[in-house]
Amino acid sequence: MTHLETDVLVIGAGGAGMYAAIEAARGGAKVILADRSLIGRGGATIMAQMTVAVALGEQEPDDWEHHYADTLAAGRGLCDPALARLLCEEGPEVIREMDDWGVGWARQDGSKRGPMKQAFAPGHDRPRCVYVDFLNTGPAVSKTLRTRLIRTPEIRRVGDLLVSELVMRDGECVGAVALHLATGQPVTISAASTVVATGGLTRLYQRNSASANMSGDGYALCLAAGAELVDMEFVQFFPIGHLAPRLIGMDPIMWDPFRYKLGGRLLNGNREEFVHNYGASDDGKYVVTRDLATYAIVKEVEAGRGSPHGGAWLSFEHCSEADLRAAGGPVIDRLAKNGIDLTRQAIEVAPIAHYHMGGVRADVSMATRVPGLFAAGEAVGGANGANRLSGNAITEALVFGRKAGRSAAARAQASGGKRAAQSAFGKAVIRLCEGLPAPSSNPAAMIEELQALMQKEVGPFRTGAGLERALERIRSMHQVLPSMKPPAGKPYDTELADWLDLTTMLTVARCVASSALARTESRGAHQREDHPGMADEWQKNQVIG
Amino acid sequence: MNEGRMTENVARLVISRGVPGSERSEKHAVPFEAGQSVLDALRWIRAHSDPTLAIRYSCTSANTCKECMVSVDGKTVYACTARLEARQMHIAPLPNKALIRDLVTEIAPPDERLVDSL
């Protein structure tokens with residue numbers, strides 16, 4: 001069995017994990033960067049379409065305190081002020097460092113070094129969002145970080161590693177056990193510090209905008225290790241995810257950049273504008289916040305005024321071909337290949353699970369309450385409260401990643417090279433390897449069932465009765481898990497990977513549904529049909545663990 | 001001859017399965033709906049008839065992760081951007097990469113593999 005030793009183990013190679021690894025290496029640590037997917041290809045960062053919010057003041061004068069005020073306002077009173085401040089205050093440093101590394105933020109004059117373009121995004125008081133053009137922000141950020149990783153010999157990159165357990169000894173996290181997907185063999189990794197950078201939980205939902213490995217892995221791993229989770233009920237739905245007609249090879253959040261640049265018109269099934277009926281303005285400009293737009297669309301559908309597939313129309317029919325070409329560039333050609341001409345037709349959009357505000361509870365050094373265990377990026381809960389501003393996710397990934405890498409390296413150095421022996425990992429290895437040769441159920445089918453259940457009962461609108469139904473079904477699905485565990489040992493055993501994911505997803509789903517049931521009010525992304533409106537007594541965070 | 005032009009609502013996939021040294025072909029019928037990708041069909045098979053079918057993908061539909069490369073009718077494509085059609089289609093692992101299992105091949109750079117990175 002393979003046993004690895006390192007100063008810092010980083011789990012997850014999205015934006016936060018890659019930055020954490022780079023920073024830990026700069027801090028003098030030897031690093032293993034592990035990902036269940038290929039390095040720098042999975043996760044959410046690579047899928048970001050456009051905006052990265054940061055108070056650079058290049059488009060208009062700005063200061064981090066203005067960004068901070070907008071972040072707190074969007075969070076509806078629930079942001080962890082210290083984490084939100086960290087995101088806004090240190091954002092400019094990481095964005096400028098990414099610029100030095102050649103990410104290619106769009107410039108006002110089209111040059112390489114001139115003042116950056118900063119776009120206006122809903123919820124911000126001024127133009128604040130840098131971007132790399134034509135749906136390229138996420139891929140460019142990922143590629144830039146990957147290039148830095150490759151140039152850093154202290155970082156060992158290992159893909160195809162699906163972590164099944166964090167391992168504890170004497171109350172400290174001493175590393176992890178993982179399934180090596182390519183061989184089906186267990187791997188033990190002994191580390192002085194472990195950083196969980198596994199992203200959010202959007203895969204829990206049937207309609208989502210993130211990659212297939214966003215199953216809430218880090219939440220389940222940290223909870224089992226004794227860390228706390230916070231704000232688990234707050235799942236952000238992206239209001240205008242693509243719904244119809246069906247498109248091949250296009251990200252469902254692709255309409256966001258078009259909205260930033262051209263505004264566009266959001267229409268109900270009767271082709272009438274409707275967002276203003278819900279207390280927001282949307283007259284040709286993209287200013288409505290995500291929670292409110294989601295609410296408005298779902299309510300129109302409920303009232304029988306939805307588009308044919310159960311969403312809203314998004315129309316750019318009033319825009320000229322030249323304007324559409326300027327805004328979409330090569331995307332216009334990809335749309336044409338799918339038979340879509342935006343000057344002649346509206347498309348249908350509907351809310352999809354996009355981001356999770358909750359997550360692992362960490363302090364401003366990204367330390368959890370478990371010694372040796374850190375979190376970074378979307379896996380951390382609290383900075384965005386009850387609703388995240390658009391543009392804050394990549395900034396959060398980079399700032400929190402850098403901070404976690406620094407803290408993890410410092411702890412490794414202070415530990416003086418002490419490592420847990422391989423024997424500490426024995427029980428976790430047995431749990432991963434044991435199993436029944438002929439499992440009784442199809443875990444891929446159960447994952448789909450869970451996704452449908454979460455979409456229906458724990459989606460953007462919730463009721464006490466629906467949440468109770470969800471929790472009951474989650475409990476019964478959990479009960480059959482032991483009877484369907486496949487043993488480890490087969491190369492690329494997707495059935496075992498699905499079983500591990502289903503186990504994680506059921507744990508995390510229970511956290512989301514139970515927190516949502518307890519919160520008897522409506523706030524930000526958590527909307528209860530049976531408890532409309534915010535309640536003063538609920539201006540508090542729920543903590544699990 | 002006219003097999004490919006039949007108006008039926010089924011895509012018939014002939015999928016190469018197995019580990020090195022014991023490869024075989026398997027037929028699967030998948031309900032066809034216009035606008036589906038080959039990856040949609042492979043995922044449908046995993047959830048509805050055979051969860052042991054091994055495929056590699058991450059971003060699912062956005063053509064960003066570049067992990068779902070397979071051979072469709074002899075051509076290397078991304079399964080998420082290859083259009084599913086209501087006819088017989090041959091799906092196989094990449095011919096020029098080491099086979100791991102079914103449609104999964106070793107596509108990671110050598111220094112990012114567990115063994116080679118040691």
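In the predicted model, the contact between the two chains takes 39 residues from chain A and 33 residues from chain B. On the side of chain A that touches chain B, at least two residues each come from helix H4 (137–150), strand S5 (155–158), helix H12 (443–457) and helix H14 (494–518) of chain A. H12(A) gives the most to this side, with four residues. Sorted by class, the side of chain A that touches chain B comprises 19 nonpolar, 11 polar and nine charged residues.

Two of these chain A helices, H12 and H14, recur in the packing around helix H1 of chain B. This helix of chain B covers residues 38–48, and its buried residues are Val38(B), Leu39(B), Ala41(B), Leu42(B), Arg43(B), Trp44(B) and Arg46(B). The buried residues of H1(B) pack against H12 and H14 of chain A; within chain B, they pack against strand S1 (10–17), strand S2 (24–31), strand S3 (69–72) and strand S5 (88–92).

Of the chain B strands that pack against H1(B), S1(B) and S2(B) form a hairpin with six residues between them. The two strands run antiparallel and are joined by eight bridges. In one of the pairs, Leu13(B) has His28(B) of S2(B) as its bridge partner. Gly18(B), in the turn of the hairpin, has a positive phi of about 105 degrees.

Chain A contains 14 helices and 18 strands. The C-alpha trace of chain A spans about 65 × 55 × 50 Å along its principal axes. The radius of gyration of chain A is 23 Å, which agrees with the value near 24 Å for a compact globule of 545 residues. Of the 545 residues of chain A, 61% count as buried. Among contacts in chain A between residues at least 6 apart in sequence, 75% join residues at least 24 apart.

In soluble globular proteins, nonpolar side chains tend to be buried together. The largest nonpolar core in the model has 225 residues. Val8(A), Ala20(A), Ala21(A), Val195(A), Ala375(A) and Ala376(A) have the most contacts inside this core. Its largest share, 14 residues, comes from H14(A), a helix that also supplies at least two residues of the side of chain A that touches chain B. For Ala375(A), leaving aside neighbours within four places in sequence, the contacts are Val196(A), Gly218(A), Cys222(A), Val360(A), Ala362(A), Met366(A), Thr368(A), Val380(A) and Ala404(A).

Note on methods:
Residues numbered from 1 in each chain as written. Chains lettered and ligands numbered in written order. Predicted model: local features only at pLDDT ≥ 70, side-chain atom pairs only at ≥ 80, totals over all residues. Contact = placed C-beta atoms within 7 Å. Nonpolar A, V, L, I, M, F, W, Y, C, P; charged D, E, K, R; others polar. Buried ≥ 20, exposed ≤ 12 C-beta atoms within 10 Å, placed from the backbone. Core = buried A, V, L, I, M, F, W, Y, C linked by C-beta atoms within 7 Å. Pairing = 2+ DSSP bridges. Rg over C-alpha atoms; globule rule 2.2 N^0.38 Å.
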